[in-house]
Amino acid sequence: GKKPECISWDGSSYIAWAESPHANEWYDETLGSDWAVYVANLETGTIILVDEDIGLQAEENAAHNYLAPSNISIQNGYLSYKAYAQREDGKIVEAIKLYDIVKDSLTTIGFLDGDPSNHGMGCPSICDGKVAWSQAYIRDDSLYEGYSVIYDCNTGEKSIVETDENIINPILSTGYL
C-alpha cells in the first residue's frame, strides 16, 4: 500500500495529501514513483484523485530527481505542488501544478526553465489567489542563484521577482512575499 508523503490543510473544509509506496523511507529505489495526490472535502467526506504518476522520469543527471510531490500548498479552493511534466522541448522537468477544486481542473502553470542537471524549483506557496515558487541555478558550491515567480490564479499572468537574497521556497502571506 501507499503511505502519506505530505499533508496540508486549508484551515477550513479541505485537506490535501500526496502518497507513495515508499514515502519517507530512508531509501527508496523507485525515487517516489507510483505517487498520487488527493484532496478531501471534510464537510462531505468526498475524496478526489487530483493527479498520479504516469511514468514520467527525471533525467538521469537531474539535480532533483525525487518524483513524488513532497509539499502541497492549499488555500481558497486551490492546491499547488511540484511534480514532473514534459516541457515543449520534450524534456521531462520539474513543474508547478495548480488544481482548482471547484472547477475540478488541473493545470501546469510553470516549468523549470533551465538545464535540469543544474537548475531546480522551490515548492509553491498559495495565498489570496496567487501562487509563488522559485527557480534557481545551482552553483558548484551548492548555493542557489535565481528568482521567484508569482502566478495570478484569476488572470494566469506571471510576475518575476528578482532579489539579491537567495530565495529557495518563497512563502506568500496576505499581500507579502
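Q: Why is tryptophan 35 called buried?
A: Its relative accessible area is 6%. Buried means under 20%, exposed means over 50%, and partly exposed is in between (1.4 Å probe, protein chains only). With 6%, tryptophan 35 falls under the 20% limit, so it counts as buried.

Q: What kind of model is this, and how are its residues numbered?
A: It's a predicted model: local features need pLDDT of at least 70, side-chain atom pairs count only at pLDDT 80 or more, and totals for chains, interfaces and linings use all residues. Numbering starts from 1 along each chain as its sequence is written, and side-chain values use heavy atoms, with hydrogens and water left out.

Q: Where is tryptophan 35, and what does it touch?
A: You'll find tryptophan 35 in the loop between strand 2 and strand 3. Contact means heavy atoms within 4.5 Å. Leaving aside neighbours within four places in sequence, the contacts of tryptophan 35 include Lys2, Glu19, Asp51, Leu67, Pro69 and Ala83. Proline 21 is 14 residues away from tryptophan 35 in sequence, and their C-alpha atoms are 7.3 Å apart.

Q: What makes a stretch of this chain a strand, and how many strands and helices are there?
A: Helices (H or I, at least four residues) and strands (E, at least two) are DSSP runs, numbered from the N terminus. By that rule the chain has 13 strands and 0 helices. Strand 2, for instance, covers 14-20, and strand 3 covers 36-41.

Q: Is alanine 16 buried or exposed, and how do you know?
A: Its relative accessibility is 0%, which puts alanine 16 in the buried class. Alanine 16 belongs to strand 2. Not counting residues up to four places away in sequence, alanine 16 touches several residues, among them Cys6, Tyr38, Val39, Ile72 and Leu79. Its C-alpha is 9.4 Å from that of isoleucine 48, although 32 residues separate the two in sequence.

Q: What makes isoleucine 126 count as buried?
A: The value for isoleucine 126 is 6% relative accessibility, so it goes into the buried class. Isoleucine 126 is in strand 10, residues 125-127. Here's a nice detail: glutamine 75 is 51 residues away along the chain, yet the two C-alpha atoms are separated by 6.2 Å. Among the residues that isoleucine 126 touches, not counting those up to four places away in sequence, are Gln75, Tyr78, Leu98 and Val131.

Q: How do you know whether cysteine 6 is in a disulfide?
A: A disulfide is a pair of cysteine sulfur atoms within 2.5 Å. The nearest cysteine sulfur to cysteine 6 belongs to cysteine 123, and it is 8.5 Å away, so cysteine 6 is in no disulfide. A search of the whole structure finds 0 disulfides. Cysteine 6 is also buried, at 12% relative accessibility.

Q: Why does cysteine 127 have no bond to cysteine 153?
A: The sulfur of cysteine 153 is the closest cysteine sulfur to that of cysteine 127, but at 11 Å it is too far for a bond. Cysteine 127 has a relative accessible area of 7% and is therefore buried.

Q: What is unusual about the phi of asparagine 24?
A: Most residues other than glycine have a negative phi. Asparagine 24 isn't a glycine, yet its phi is positive, about 60°. Asparagine 24 sits in the loop between strand 2 and strand 3. With a relative accessible area of 58%, asparagine 24 is exposed.

Q: Why is aspartate 34 called partly exposed?
A: Its relative accessibility is 41%, which lies between the two limits, so aspartate 34 counts as partly exposed. Aspartate 34 is in the loop between strand 2 and strand 3, and it has a positive phi of about 60° although it is not a glycine.

Q: Which class does arginine 139 belong to, and why?
A: Arginine 139 has a relative accessible area of 26%, so it is partly exposed. Look for arginine 139 in the loop between strand 11 (130-138) and strand 12 (144-152). Histidine 119 is 20 residues away in sequence, with 8.8 Å from C-alpha to C-alpha.

Q: How do you know that the radius of gyration agrees with a compact globule?
A: The radius is taken over C-alpha atoms, and the globule rule is 2.2 Å times the number of residues to the power 0.38. For 177 residues the rule gives a value near 16 Å, and the chain has 16 Å, so the two agree. Buried residues make up 47% of the chain.
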